[in-house]
Amino acid sequence: MKLKNVLMMTAALTAMGAEAAVITSPNGKLVVTTDINTKGTPVYSVKLDGKTVVENSPLGLVTDFADLSQGLSEKSSKSEAVNRSYEQDKIKKSHVDVNATSALVEYEGADGKRLDVEWHVADNGVAFRYRVPRINGKGSMVVKEEVSSFDFPDGTTAFLTSQSDPMIGWKRTKPSYEEYYFVDVPMTQKSEYGRGFTFPALFKTADENWVLLTETGVDGYYCASHLNDYKDGKYSIAYPMQEENNGNGTSAPGVALPGFTPWRVMAIGDSPAPIVETTLPWDLVEPKYESRKARPAKGTWSWLLWQDGSINYDDQIKFIDFAAEMGYDNVLIDNWWDTNIGEEKMEKLIKYAHSKGVKPTLWYSSSGHWNDIEQGPVNRMDRPVVRKKWMKWMKDNGVDAIKVDFFGGDKQETMRLYEDILSDAADYGIDVVFHGCTLPRGWERMYPNFVGAEAVLSSENMIFDQKFCDREALHATLHPFMRNAAAIMEYGGSFLNKKMNRGNDGGNTRRTTDAFQLAVSILFQNPVQYFALAPNNLTDAPAVAIDHVKNVPTTWDDTKLIGGYPGKYVVMARRHGNVWYVAGVSNLEKPVKLDLDLSMFAKGEKLEMINDDKKGEPVKTVLTVKNPEKVSVTLNPSSGFVIKGTAN
């Protein structure tokens, strides 16, 4: 080990008597302090540049055989420097360098009680998880409660989305992470259903520090969690509701010992940039198996605008031809294909798609026994025997991607189903997108064939409710800071229809401009994108817009936040190869002139820019960079822009 790393390890974890330790990030600015309170409960606090981000907050687990949240004392602590790299082509950056301090703090109590807390402290965030050894010969445990909490300073405001009641909504399919947002509200804000809030959750302290709270490393060995409502000065971890999955399965996770929990993750910064740019959800996990490299793709999707009536042979031919015309890789064939088209004609349709250079993605329901879904195919993904039968059929017919919908909640048994589908699909060379689902928690790296998830109030809602069209700009200025900051997001965006129906002549009305729609194709990140386009757009949409959605990438080598504030506006830059795409959208009521730091471009560089003309139509112009650190752009209400240029 190099002397530099030894010195870093020594400095990174400082003993504070028998009951406390200090863990410091590599740059020394982010500091975690652990301690024990008078009840023998482990607590921690976090400071950034000396300013409190999280005040003393409890740690611990309550299990079926021992209370590991009190009556403890610190036994020992040790740390080491983490310096490694990995490649990942599905997230914000293709190459990630991980530099952090890893620490293990061990606690013990009477009757042989043991609890270890593992810490990961990087320059831009903190994560922790629990390790539990065998205790008095116990080889398994049920975690009845996790007391992990987050006590933010007074004056902190929150950006939150509610956990829904279980077994409500369309065909009793919730929770599905598709609720509206509370924006910049006091921490005392009550959740809509009284069930707490889903991950990710965003907080801004009175000192202007930002925290994105989420979790990672959730697999079939644990449940997914969320936050309770704010109580007694803090937010705490909540496990799934027993009523989820129609009551099937337990809400408390069972763990083999020795074992560990998922990571609780706090991306932290003195501006929103470290939140938007964080890679912490993937830094803390490793791939679980090997498979062929996942295939990034763009595709057409008839159901989004043409709805259920389009799931027939003739309409799917139209969307296959449309995909070929756009130069897209995929066509998504949605629910009811098993009855409306049938297995024999599907094989013929798949062959036709291949003849046009297009690969079909087939929709499946996740099951049938925990909701009331009628749309087929059902009961083909929930059990291994029938699942493998249909995966073999798909492999034999050249289908290499599926979209699985309508999951039942966040219980451990549902996490096992996600993992089982992914693992079996990998064996058959099939990539997987989830819909009507939970938030992915590190899955982009853990499961090589995982290529997307909804878990958001997505674009399909613009068809269902004018209210969603009216709020589109608000949501678009939140997702880069929240939902899409924590995981990839298959949103299904970029409408070019003005009206939300098949003929572009009725239904709900889009409030945003075409330039806005082009910008979200960059702002919303997912390696597989099914665009909200239809064949009529080839003739009724502006040529500059069609050219953009034909050529925009879906994978990125780097991501930078240029400016913005959640719920108001956002400007982001993403690099693909040596080309930077800068995109911005606004939810402000008036135009705003922005001076953007675009130092990735050289002085004198001529950039392509798409924004609105005076009639609100997209127009491409040339923008010459005079001062890379101060490029002036006007951002109009419910509008956006795209800038494209070669890296400096």
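Which ring does the charged end of K345 sit over? Here is a short tour that starts with that question and then works through other contacts.

1. **The opening answer.** The charged end of K345 sits over the ring of Y313, 4.6 Å from the ring centre. For a charge to sit over a ring, NZ of Lys or CZ of Arg must be within 6 Å of the ring centre and within 35 degrees of the ring normal. Another case to look at is K403, which lies over the face of W301 at 3.8 Å from the ring centre.

2. **Before you go on.** Please keep in mind that this is a predicted model, in which local features need pLDDT of at least 70 and side-chain atom pairs count only at pLDDT 80 or more, while totals for chains, interfaces and linings use all residues. Residues are numbered from 1 along each chain as its sequence is written, and side-chain values use heavy atoms, with hydrogens and water left out.

3. **Salt bridges overall.** A salt bridge here is a side-chain nitrogen of Lys or Arg within 4 Å of a carboxyl oxygen of Asp or Glu. Searching the whole structure turns up 30 salt bridges. One network of them links E146, E215, R264 and R441.

4. **A bridge between two loops.** D165 and R195 form a salt bridge through their side chains, at 2.9 Å from N to O. D165 lies in the loop between β14 (157-161) and β15 (181-186) and R195 in the loop between β15 and β16 (201-204), so the pair ties together parts that are 30 residues apart in sequence. Helices (H or I, at least four residues) and strands (E, at least two) are DSSP runs, numbered from the N terminus. As for accessibility, buried means under 20% relative accessible area, exposed over 50%, and partly exposed in between (1.4 Å probe, protein chains only). D165 is partly exposed at 23%, and R195 is partly exposed at 27%.

5. **A bridge from a strand to a loop.** The side chains of K359 and D400 also meet in a salt bridge, at 3.4 Å from N to O. K359 is in strand β25 (residues 359-365) and D400 is in the loop between α8 (384-396) and β26 (401-405), so this pair ties together parts that are 41 residues apart in sequence. K359 is partly exposed at 33% relative accessibility, whereas D400 is buried at 10%.

6. **A bridge within a helix.** In the salt bridge of D396 and K392, N and O are 2.8 Å apart. These two residues are four residues apart in helix α8, so about one helical turn separates them. D396 is exposed, with a relative accessible area of 54%, while K392 is partly exposed at 45%.

7. **Aromatic pairs.** Rings of Phe, Tyr and Trp (its six-membered ring) pair if their centres lie within 6.5 Å; planes under 30 degrees apart count as stacked, over 60 as edge-to-face and the rest as tilted. The count by this rule is 34 aromatic pairs. W119 and F128 make a tilted pair, with 5.2 Å from centre to centre and 45 degrees between the planes. Both W119 and F128 are buried.

8. **A stacked pair in a cluster.** F407 and Y418 form a stacked pair, 4.2 Å centre to centre with 25 degrees between the planes. F407 is in the loop between β26 and α9 (412-427) and Y418 is in helix α9, eleven residues apart. Both F407 and Y418 are buried. Ring pairs join these two with Y289, F434, W443, Y447 and F450 in a cluster.

9. **A buried acid.** E454 is in the loop between β28 (450-453) and α11 (461-464). What is the nearest side chain of opposite charge to E454? That side chain is K403, 6.8 Å away, and E454 is buried yet has no salt bridge. Lys and Arg count as positive and Asp and Glu as negative; His and the chain ends are not counted. E454 and S458 do share a polar contact of 2.6 Å between their side chains. A polar contact is a pair of N or O atoms within 3.5 Å; within protein, one must be able to donate a hydrogen and the other to accept it, and residues adjacent in sequence count only if both atoms are side-chain atoms.

10. **A covered helix.** Helix α15 (residues 514-523) is mostly covered, with ten of its ten residues buried. Among them are D514, F516, Q517 and L523.
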